[in-house]
Amino acid sequence: MPGGARLIVVDPDGDRFDRVYHLDSAVHPTSYVDDVRFHDGVAYLTDAGSPGLIVLDLDSGQVRRVLDGHPSTVGGPLVADGRPLRDPDGGAVHVHTDQLEVSPDGRWLYYQPASGGMSRIGTRWLDDPSVSADELARRVERWWDSPSTGGTAIDAAGTIYLSDVDRRRILTLAPDRTVRTLVADPRLAWVDAMWIDADARLWLPAAQLHLTAGLNNGHAAVDYPVRIYRMPVEAGPPPPHHP
């Protein structure tokens with residue numbers, strides 16, 4: 001829908017829209033703008049429908065599309081609960097650039113398609129409009145061969161929390177790339193949109209997305225009610241990266 005891709009700033013205290021950023025110039029007809037993270041007056045957004053990243057200057061409203069079709073942004077077939085996901089027509093489901101996190105010091109943007117394969121790039125390169133597409137591509141670093149993932153979060157120590165939707169568990173990826181299983185539980189069905197609160201608790205919405213008709217060969221099998229869990233972790237959230 002023309003004009004549909006927007007980032008809307010809401011003031012929950014004043015119950016009003018503060019600003020609307022239009023992203024039309026940075027999207028394609030098949031785009032599906034997904035997650036957003038912030039650092040130093042810049043918003044980074046993923047495009048899960050047409051592989052790429054979007055960089056938005058929150059002050060000027062200038063928007064740019066970067067790493068368009070780069071291999072690090074292209075998703076492969078999704079797997080959950082030991083089976084490949086299928087759309088209502090029986091085709092394999094592909095979700096391109098989806099999860100992303102900014103390191104606590106603001107130096108790195110980590111990102112991946114939902115099928116996994118995490119990469120990182122320095123924010124200094126993304127933030128500079130004069131950096132060419134070829135130069136940006138050279139600055140991408142493959143970081144970790146992650147599994148199919150529903151959502152991520154990052155803590156103040158730079159540890160990334162990642163939901164493994166194939167094995168219903170939460171993994172942690174430390175800055176030195178050490179990986180461990182934080183928790184595994186059959187109730188953690190496609191955990192998505194995780195976040196860490198000020199009391200160092202990790203919130204885990206078990207969205208069951210793979211059991212919706214769109215990802216389950218047209219058959220809806222969600223077990224209601226959909227639940228949100230939480231658990232204590234070692235570190236709280238990173239400092240705010242909002243302007």
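# Strand 4, salt bridges and selected side chains

Asp 145 is exposed, with a relative accessibility of 57%. The model described here is predicted. Asp 145 pairs with Arg 142 in a salt bridge whose closest N and O atoms are 3.1 Å apart. Arg 142 has a relative accessible area of 48% and counts as partly exposed.

## Salt bridges

The structure as a whole contains 15 salt bridges. Among them is the pair formed by Arg 120 and Glu 141. Arg 120 belongs to strand 11 (residues 118-122) and Glu 141 to strand 12 (residues 141-144), so this salt bridge ties together parts that are 21 residues apart in sequence. The two partners can also be described by their accessibility: Arg 120 is buried, at 12% relative accessible area, whereas Glu 141 is partly exposed at 26%. The cut-off for buried is under 20%, so the value of 12% places Arg 120 in that class.

The table lists three salt bridges with the separation of their closest N and O atoms.

| Residue | Partner | Closest N and O atoms |
|---|---|---|
| Arg 120 | Glu 141 | 3.0 Å |
| Asp 145 | Arg 142 | 3.1 Å |
| Asp 185 | Arg 187 | 2.9 Å |

Salt bridges also link Asp 11, Arg 16 and Asp 18 into a network.

## Trp 144 in strand 12

Trp 144 is also a residue of strand 12. With a relative accessibility of 17%, Trp 144 counts as buried. Its C-alpha atom is 9.3 Å from that of Arg 120, a residue 24 places away along the chain. When neighbours within four places in sequence are set aside, Trp 144 is in contact with Gly 117, Met 118, Leu 162, Leu 171, Leu 173 and Val 179.

## Strand 4 and its partners

Strand 4 covers residues 42-47. Six of its six residues are buried. In a regular strand, side chains alternate between the two faces of the sheet. In strand 4, one side carries Val 42, Tyr 44 and Thr 46. The other side carries Ala 43, Leu 45 and Asp 47. The residues named on both sides are all buried, and both faces of the strand are therefore covered.

Strand 4 runs antiparallel to strand 3 (residues 33-39), and five bridges join the two. One pairing in this set puts Val 36 opposite its bridge partner Leu 45 in strand 4. The connection between strand 3 and strand 4 is a hairpin with two residues between the strands. Asp 40, in that turn, has a positive phi of about 50°.

Strand 4 is also antiparallel to strand 5, with six bridges between them. Here Val 42 stands opposite Asp 57 of strand 5. A hairpin makes this connection too, and it passes through four residues.

Ser 50 sits in the loop between strand 4 and strand 5 (52-57). Is Ser 50 buried or exposed? Its relative accessibility is 10%, so Ser 50 counts as buried. Apart from neighbours within four places in sequence, the contacts of Ser 50 are His 28, Thr 30, Ser 31, Tyr 32, Arg 65 and His 96.

## Asp 127 and Tyr 44

Asp 127 lies in the loop between helix 1 (123-126) and helix 2 (133-139). At 30% relative accessibility, this residue is partly exposed. Which residues does Asp 127 touch, not counting those up to four places away in sequence? They are His 39, Val 42, Tyr 44 and Arg 64. Val 42 and Tyr 44 are both on one side of strand 4.

Asp 127 and Tyr 44 are 83 residues apart along the chain, and their C-alpha atoms are separated by 9.6 Å. Their side chains make a polar contact at 2.6 Å.

## A nonpolar surface patch

Ile 8, Val 10, Phe 17 and Val 20 make a nonpolar surface patch of about 350 Å². Strand 1 (6-11) and strand 2 (16-22) each supply at least two of the patch residues. Ile 8 is located in strand 1, and it is partly exposed with a relative accessible area of 35%.

How values were computed:
Residues are numbered from 1 along each chain as its sequence is written. This is a predicted model: local features need pLDDT of at least 70, side-chain atom pairs count only at pLDDT 80 or more; totals for chains, interfaces and linings use all residues. Side-chain values use heavy atoms; hydrogens and water are left out. Buried means under 20% relative accessible area, exposed over 50%, partly exposed in between (1.4 Å probe, protein chains only). Contact means heavy atoms within 4.5 Å. Two strands pair if DSSP finds at least two bridges between them. A salt bridge is a side-chain nitrogen of Lys or Arg within 4 Å of a carboxyl oxygen of Asp or Glu. Patches are made of residues with over 30% relative accessible area and no salt bridge: like charges are joined within 9 Å, nonpolar side chains (Val, Leu, Ile, Met, Phe, Trp, Tyr) within 5 Å. Accessible areas come from the Shrake-Rupley method with a 1.4 Å probe; for residues, only the protein chains shown count as cover. A polar contact is a pair of N or O atoms within 3.5 Å; within protein, one must be able to donate a hydrogen and the other to accept it, and residues adjacent in sequence count only if both atoms are side-chain atoms.
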